[in-house]
Amino acid sequence: MTAYSSCLRVSELVKLKITDIDVLHGTLTVRAGKGNKDRITLFAKSLKDMLLQYLCSRKEESSYLFLGRKGHLSVRSLQKILDFATKKAKLGKK
């Protein structure tokens, strides 16, 4: 939901840090995105509560929003997660 509502690329999503989220204004700061440029993007109001709930439930202390084994998730791991979710939701288009 974070990627979809904020128009994030997979590589941008895995590098997203908690400090890049501005819940008050409903924005995310993407650092070193496409073309190695920073940008600010909006996220859906419905995502705000989900993000806060997710952050409160986390036990690990890490600056990355989505954790992997060695820091942040890898791009390939996230691609597999998204493929699984697509199949589970029975979406026909790739």
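Which backbone oxygen does the side chain of Arg58 reach? Let us walk through the structure and come back to that residue at the end. Please keep in mind that this is a predicted model.

We can begin with the whole chain. It has four helices and five strands, and along the sequence they follow the pattern α-α-β-β-β-α-β-β-α. The radius of gyration is 13 Å, close to the 12 Å that the globule rule gives for 94 residues, so the chain is as compact as a globular protein of that length. If you draw a box along the principal axes, the C-alpha atoms fill roughly 35 × 30 × 30 Å. Of the 94 residues, 24% count as buried. The accessible surface comes to about 7,300 Å², and carbon and sulfur atoms hold 57% of it. Among contacts with a separation of 6 or more, 46% are between residues 24 or more positions apart.

Now look for the sheet. Three strands form an open sheet in the order β1-β2-β3, with antiparallel pairing. Strands β1 (21-22) and β3 (39-42) stand at the edges with a single partner strand each, so one side of each is left without a neighbour in the sheet. As background, strands of a sheet pair through backbone hydrogen bonds, either parallel or antiparallel.

Strand β2, residues 27-30, is joined to β1 by two bridges. Here Asp22 has Thr27 of β2 as its bridge partner. Four residues lie between the strands in the hairpin of β1 and β2, where Gly26 takes a positive phi near 70°. Towards β3, β2 has four bridges, and this pair also runs antiparallel. On that side, Val30 stands opposite Arg39 in β3.

Which way do the residues of β2 point? In a regular strand the side chains alternate between the two faces of the sheet. In β2, Thr27 and Thr29 point one way while Leu28 and Val30 point the other way, and all are buried.

Follow the chain onward from β2 and you meet Gly33, in the loop between β2 and β3. Is Gly33 buried or exposed? Its relative accessible area is 14%, and because buried means under 20%, Gly33 counts as buried. Gly33 also has a partner in space to look for: Ser11 is 22 residues away in sequence, yet the two C-alpha atoms are 7.9 Å apart.

That brings us back to Arg58, which lies in the loop between α3 (45-57) and β4 (67-68). Arg58 is buried too, with a relative accessible area of 14%. The side chain of Arg58 reaches the backbone oxygen of Leu65 at 2.7 Å, which settles our opening question. Leaving aside neighbours within four places in sequence, Arg58 is in contact with Ile18, Tyr64, Leu65, Phe66 and Leu67.

Our last stop is helix α4, residues 75-88. How far apart are its end C-alpha atoms? At 1.5 Å a residue, the 14 residues of α4 should span 20 Å, and the end C-alpha atoms are indeed 20 Å apart, which agrees. Just after α4, Lys90 takes a positive phi of about 55°.

Key:
Residues numbered from 1 in each chain as written. Predicted model: local features only at pLDDT ≥ 70, side-chain atom pairs only at ≥ 80, totals over all residues. Heavy atoms only, no water. Expected span 1.5 Å × (residues − 1). Pairing = 2+ DSSP bridges. Buried < 20%, exposed > 50% of the residue type's maximum accessible area, 1.4 Å probe, protein only. Rg over C-alpha atoms; globule rule 2.2 N^0.38 Å. Contact = heavy atoms within 4.5 Å. Areas by Shrake-Rupley, 256 points an atom, 1.4 Å probe, with all protein chains shown as cover. Polar contact = N/O pair within 3.5 Å; in protein donor to acceptor, adjacent residues only side chain to side chain.
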